[in-house]
Amino acid sequence: MSTVRSKVTIAINEKFCKRCGICIEFCPQKVFEPAKDGLPLVVNNNCTNCTLCDLRCPEMAITLEVEESE
């Protein structure tokens, strides 16, 4: 029996992002930290693809891409 592992790539569209911090607050894995200008930065690869950041983003500035591998 093989185990399928997922790697999630998070992209933030800087043009759409209002730097509101909602993604930072709602992420249960603390994947984001704010840059000096408030733009969320991905600081670790602990994303579980819960999609809370994507669902809560009022500007739809976050895109999640899942790559599955065995």
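## Salt bridges, core and backbone of a predicted chain

The structure holds two salt bridges, and the model in which they are found is a predicted one. In one of them K18 pairs with E59, with 3.6 Å between the closest N and O atoms. This pair links distant parts of the chain, since K18 sits in the loop between β1 and α1 while E59 sits in the loop between α2 and β4, 41 residues apart. In the other, D37 forms a salt bridge with R19, and here the closest N and O atoms are 3.7 Å apart. D37 belongs to the loop between β2 (32-34) and β3 and R19 to the loop between β1 and α1, so this pair ties together parts that are 18 residues apart in sequence.

The table lists the relative accessibility of the residues that form these pairs.

| Residue | Relative accessible area | Class |
|---|---|---|
| K18 | 58% | exposed |
| E59 | 30% | partly exposed |
| D37 | 48% | partly exposed |
| R19 | 31% | partly exposed |

K18 counts as exposed because its relative accessibility of 58% lies over the 50% cut-off.

### The chain as a whole

The secondary structure comes to two helices and four strands, and these elements follow one another along the sequence in the pattern β-α-β-β-α-β. Measured out along its principal axes, the C-alpha trace spans about 45 × 20 × 15 Å. Of the 70 residues in the chain, 26% are buried, and the accessible surface comes to about 5,200 Å², with 50% of that surface belonging to carbon and sulfur atoms. Among the contacts with a separation of 6 or more, 54% are made by residues 24 or more positions apart. The chain carries 8 positive and 10 negative charges, and the mean positions of the two sets are 6 Å apart.

### The nonpolar core

In soluble globular proteins, nonpolar side chains tend to be buried together. The largest nonpolar core of this chain has 15 residues, and those that touch the most other members are I10, C23, V31, F32, C53, I62 and L64. The elements that give two or more residues to this core are β1 (5-12), α1 (22-26) and β4 (62-69). One of the listed core residues, C23, can be followed through its contacts: leaving aside neighbours within four places in sequence, C23 is in contact with F32, P40, C53 and I62.

### Two residues with positive phi

Most residues other than glycine have a negative phi. Against that background, K30 has a phi near 55°, a positive value in a residue other than glycine, and K30 lies in the loop between α1 and β2. T51 likewise has a positive phi, near 70°, and is a residue other than glycine.

T51 is placed in the loop between β3 (40-42) and α2 (52-56). With a relative accessible area of 24%, T51 is partly exposed, because that value falls between the 20% and 50% cut-offs. T51 and L64 are 13 residues apart in sequence, and their C-alpha atoms are 7.6 Å apart in space. L64 is itself one of the residues that touch the most other members of the largest nonpolar core.

Key: Residues numbered from 1 in each chain as written. Predicted model: local features only at pLDDT ≥ 70, side-chain atom pairs only at ≥ 80, totals over all residues. Heavy atoms only, no water. Buried < 20%, exposed > 50% of the residue type's maximum accessible area, 1.4 Å probe, protein only. Contact = heavy atoms within 4.5 Å. Areas by Shrake-Rupley, 256 points an atom, 1.4 Å probe, with all protein chains shown as cover. Lys, Arg positive; Asp, Glu negative; His and termini not counted. Charge placed at Lys NZ, Arg CZ, Asp CG, Glu CD. Core = buried A, V, L, I, M, F, W, Y, C linked by side-chain atoms within 4.5 Å. Salt bridge = Lys/Arg side-chain N within 4 Å of Asp/Glu carboxyl O.
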